[in-house]
Amino acid sequence: MKEIIENRIYDTQEARYIGSHCNEYPPGSELYEKEELYQCYGAKRFFLACTGGARSGYCDRVNGERIPGEHIVPLNSTAAKKWGARYLDIDTYLLVFYGM
């Protein structure tokens, strides 16, 4: 997944994958949501690569209809730490955020 947001490139193939979280709905469900945390190489910028079903918070709209969607959500370091504290295991969290 790749997007340009505020003149910055966010690319899951060119960033460091840190971890993910899925809601309680199964993949393929209209309510399914998945968030993957990434860190841009050479920068302290973070982002979520988000996917979701047609009735999720990450859906797209085409001609007034909801369809499954994909979105990138930039995060500052404070928001990334908060997300990490909630969804990452302690060892991964410390590896990424200790001393930041």
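Are Phe-46 and Phe-97 buried or exposed? Both are buried, where buried denotes under 20% relative accessible area, exposed over 50%, and partly exposed in between (1.4 Å probe, protein chains only). The model is predicted, so local features need pLDDT of at least 70 and side-chain atom pairs count only at pLDDT 80 or more, while totals for chains, interfaces and linings use all residues. Residues are numbered from 1 along each chain as its sequence is written, and side-chain values use heavy atoms, with hydrogens and water left out.

**Stop 1: strand E5**

Select residues 46-52, which make up strand E5. Helices (H or I, at least four residues) and strands (E, at least two) are DSSP runs, numbered from the N terminus. Six of the seven residues of E5 are buried, so the strand is largely enclosed by the rest of the structure.

Add strand E4, residues 33-40, which runs antiparallel to E5 and is joined to it by seven bridges; two strands pair if DSSP finds at least two bridges between them. Tyr-38 stands opposite Phe-47 of E5. Five residues separate E4 and E5 in their hairpin, and Gly-42 in the turn has a positive phi of about 75 degrees.

Next add strand E8, residues 69-75, which pairs with E5 in the antiparallel sense over seven bridges. Ile-72 in E8 is the bridge partner of Ala-49.

**Stop 2: the nonpolar cores**

A nonpolar core is a set of buried Ala, Val, Leu, Ile, Met, Phe, Trp, Tyr and Cys residues joined through side-chain atoms within 4.5 Å. The largest has 12 residues, including Ile-18, Leu-37, Cys-50, Trp-83 and Val-96. The elements that give two or more residues to this core are E5, helix H1 (77-87) and helix H2 (90-97). E5 gives the most, with three residues.

Centre the view on Leu-75. Not counting residues up to four places away in sequence, Leu-75 touches Leu-37, Phe-46, Phe-47, Leu-48 and Ala-80 (contact means heavy atoms within 4.5 Å). Apart from the largest core lies another, of eight residues, among them Ile-5, Ala-15, Ala-49 and Ile-72.

**Stop 3: aromatic rings**

The whole structure holds six aromatic pairs. Rings of Phe, Tyr and Trp (its six-membered ring) pair if their centres lie within 6.5 Å; planes under 30 degrees apart count as stacked, over 60 as edge-to-face and the rest as tilted.

Select Tyr-10 and Phe-47, an edge-to-face pair at 5.4 Å centre to centre with 75 degrees between the planes. Tyr-10 lies in strand E2 (residues 8-11) and Phe-47 in strand E5, so the pair ties together parts that are 37 residues apart in sequence. Tyr-10, Tyr-17, Tyr-38 and Phe-47 form one aromatic cluster.

Return to Phe-46 and Phe-97: their ring centres are 5.4 Å apart and their planes at 35 degrees, so this pair is tilted. Phe-46 in strand E5 and Phe-97 in helix H2 are 51 residues apart.

**Stop 4: charged side chains**

Three salt bridges are found, each a side-chain nitrogen of Lys or Arg within 4 Å of a carboxyl oxygen of Asp or Glu. Select Lys-2 and Asp-11, which meet at 3.8 Å, N to O. Lys-2 is exposed, with a relative accessible area of 60%, whereas Asp-11 is buried, at 12%.

Select Glu-30 and Arg-55, whose closest N and O atoms are 3.7 Å apart. Glu-30 is partly exposed at 43% relative accessibility, and Arg-55 is exposed at 52%. Finally, select Lys-34 and Glu-36, which form a salt bridge at 3.5 Å, N to O.
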